[in-house]
Structure formats: structure tokens, C-alpha cells
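Thanks for coming. I will go through one model today, starting with the overall fold and ending with a few single residues.

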Amino acid sequence: MQQELKSEVTKQLIADKAFDLFYKNGFKITSIDKIMKETALSKGAFYHHFKSKKEIGLAVISLKIQKRVVDGMISPLKKTGDAFNLIEHVFITRLKAFTLFEKQHGCPMNNFINELGDHEFAYQTALKNIIELWRNTLIQLIERGKLENSIKQDTQSEALAIYLISAFEGIRGLRKLYNDDAVLDNFLTGLSSHLKQIKA
């Protein structure tokens, strides 16, 4: 049992350091050697837990990136309360909460999509699964909003869900180009204005 726990801690450490380096420097430029240098473990420890760089990439997507999206953008949408207010609060609050480092480096998932989205089916599938989970959660919430009459009945749930995700991911990328947050302020003004159009 003790050995299993130690092995799991080692695997998590490798995934954590890999995520940090992928986020900061990009997936393609980050080597296994660089990852292991950050962990202070041997290269043999890497291959004990992961067969290849592809496998650690997929592990980072499932263990780190998906958790970030679930914790930050999906679970909050499942809370009780007015559906419209939940959508507005989650999207606006989350964008305002990112650290300077996160502003400078954008969204980890979006970075992976831009770097690897056309690279290999396994990466596409893993990343698309996160988007689909997010999209379906939003659709369910929008439909709930229609039933409780906080969102207009003629709102196209699927279209709004993918619009909100795309807009959120887009501004995360654009922010990397600006030294101040005027672009974010303008985005939030536009988002609030758009959301008012669906409020019942």
C-alpha cells in the first residue's frame, strides 16, 4: 500500500510539472528531459509511469486541464439558483479572477487546442470531450432557465452554449496581446449586453 501511494505521488508530480511546462512554454517545445529535470527524478521514473510524451500529454489533458475546466466553469453552472444569473456570474466572475500569469499565458485548454487540435485524433478526442461536457452542461442550464422563466423561450440553447464557450476562450487568447485590460472590459460590456437579450 505504501509503495502504491508513493508511485501515485510520483505520477502526480510528473503530471504537475509537465502541465506547468506545457502551459508556460508549449507542448511541442517541452521535452521529457525538461519535465524530469523539474521533478528532480530520473528519466526511468518517467517511463515507469508513462510510455511516451503523447501519453503524458493525454494525462495532462485528463488529470489537469479537464479538472481546471470542471472546477472553474462546469461545476459552478450546476449550482441551484436562477439560471440566467448563474451564467452571467460564472462567465464574468471567472474572467475577472485570473491571475497575471494566467492572463499572460491564456487558457491551457485553448493553448492545447491551438497547438495540437489538428495534430492527432487522440488529442482532438480528449480536448473535444472537455468542450462537450462544458457545452452539454450549459445547454441543460439554459433549458432549465427556460422552464423557470429566467431565460427567453426562443433562445437557441445549443447555439448560445457554443457561442459562450467560444467567446470565453477567444478573449482568453486576445488578452495575451495587451498590456492592460481595456480589451477585457470591452468584452465584458459586450457579453453583458448580449446576455441581456436572452433574459426573460
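**Overall fold**

The protein has 10 helices and zero strands. This is a predicted model, so please hear everything that follows in that light. Read along the sequence, the pattern is α-α-α-α-α-α-α-α-α-α. The C-alpha trace spans about 60 × 40 × 30 Å along its principal axes. There are 200 residues in the protein, and 44% of them count as buried. If we take contacts between residues at least 6 apart in sequence, 71% join residues at least 24 apart.

**What the record says**

Two features come from UniProt, both from an unreviewed entry. The feature "domain: HTH tetR-type" is placed by UniProt at residues 8-68. In the model, that span is 80% helix and 0% strand, and its end C-alpha atoms lie 20 Å apart. UniProt also lists residues 31-50 as "DNA-binding region". Residues 31-50 are 75% helix and 0% strand, with 13 Å between the end C-alpha atoms.

One residue to point out here is Ala40, which is found in the loop between α2 (32-39) and α3 (43-49). Ala40 has a phi near 65°, a positive value in a residue other than glycine. As a reminder, most residues other than glycine have a negative phi. Ala40 has a relative accessible area of 70%, and is exposed because that is over the 50% cut-off.

**The core**

Next, the interior. In soluble globular proteins, nonpolar side chains tend to be buried together. Here the largest nonpolar core has 61 residues. Those with the most contacts inside that core are Ile56, Ile87, Phe91, Met109, Phe112, Trp134 and Leu138. Which helix gives the largest share of this core? That is helix α8, residues 121-148, with 10 residues.

Let me take Leu138 from that list. What does Leu138 touch, leaving aside its neighbours within four places in sequence? Leu138 is in contact with Leu77, Ile87, Phe91, Ala161, Leu164 and Ile165. Two of these partners, Ile87 and Phe91, are themselves among the residues with the most contacts inside the core.

**Two helix pairs**

Two packed helices are described by the angle between their axes and the distance between the axes. I will compare two pairs that share helix α4.

In the first pair, α4 and α8 pack at an angle of about 10°, with their axes 10 Å apart. Angles under 35 degrees count as roughly parallel, and α4 and α8 are therefore roughly parallel to each other. On the α4 side, the residues that meet α8 are Lys53, Lys54, Gly57, Leu58, Ile61, Ile65, Gln66, Val69, Val70, Met73 and Ile74. On the α8 side they are Ala122, Tyr123, Ala126, Leu127, Ile130, Leu133, Trp134 and Thr137. By class, the contact of α4 with α8 has 14 nonpolar, three polar and two charged residues. Trp134 also appears in the list of core residues with the most contacts.

In the second pair, helix α4 (residues 53-74) packs on helix α5 (residues 83-97) at an angle of about 125°, again with the axes 10 Å apart. That angle makes α4 oblique to α5. Arg68, Gly72 and Met73 in α4 meet Val90, Phe91 and Arg94 in α5. The residues of this contact divide into three nonpolar, one polar and two charged. Met73 of α4 takes part in both contacts, with α5 and with α8.

**Around the end of α8**

The last stop is a set of residues further along the chain. Lys146 is in helix α8. Is Lys146 buried or exposed? At 13% relative accessibility, Lys146 counts as buried, because the cut-off is under 20%. Leaving aside neighbours within four places in sequence, Lys146 is in contact with Ile151, Lys152, Gln153, Thr155 and Ser157.

Asn149 is in the loop between α8 and α9 (157-174). Like Ala40, Asn149 has a phi near 65°, positive in a residue other than glycine. Asn149 is exposed, with a relative accessible area of 53%.

Finally, Gln197 is found in the segment after α10 (182-196). Gln197 counts as exposed, at 52% relative accessibility. Which distance separates the C-alpha atoms of Gln197 and Lys152? They are 45 residues apart along the chain, and the separation is 8.4 Å. Lys152 is also one of the contacts of Lys146.

Notes. Residues are numbered from 1 along each chain as its sequence is written. Side-chain values use heavy atoms; hydrogens and water are left out. A nonpolar core is a set of buried Ala, Val, Leu, Ile, Met, Phe, Trp, Tyr and Cys residues joined through side-chain atoms within 4.5 Å. Buried means under 20% relative accessible area, exposed over 50%, partly exposed in between (1.4 Å probe, protein chains only). Helices (H or I, at least four residues) and strands (E, at least two) are DSSP runs, numbered from the N terminus. Contact means heavy atoms within 4.5 Å. Axes are lines fitted to C-alpha atoms, for helices over the stretch in contact, and angles run from 0 to 180 degrees between N-to-C directions. Angles under 35 degrees count as roughly parallel, over 145 as roughly antiparallel, 65 to 115 as roughly perpendicular and the rest as oblique. Ala, Val, Leu, Ile, Met, Phe, Trp, Tyr, Cys and Pro count as nonpolar, Asp, Glu, Lys and Arg as charged, and the others, Gly among them, as polar. UniProt positions are given in the numbering used here, feature names are shortened, and annotations may be inferred rather than shown by experiment.
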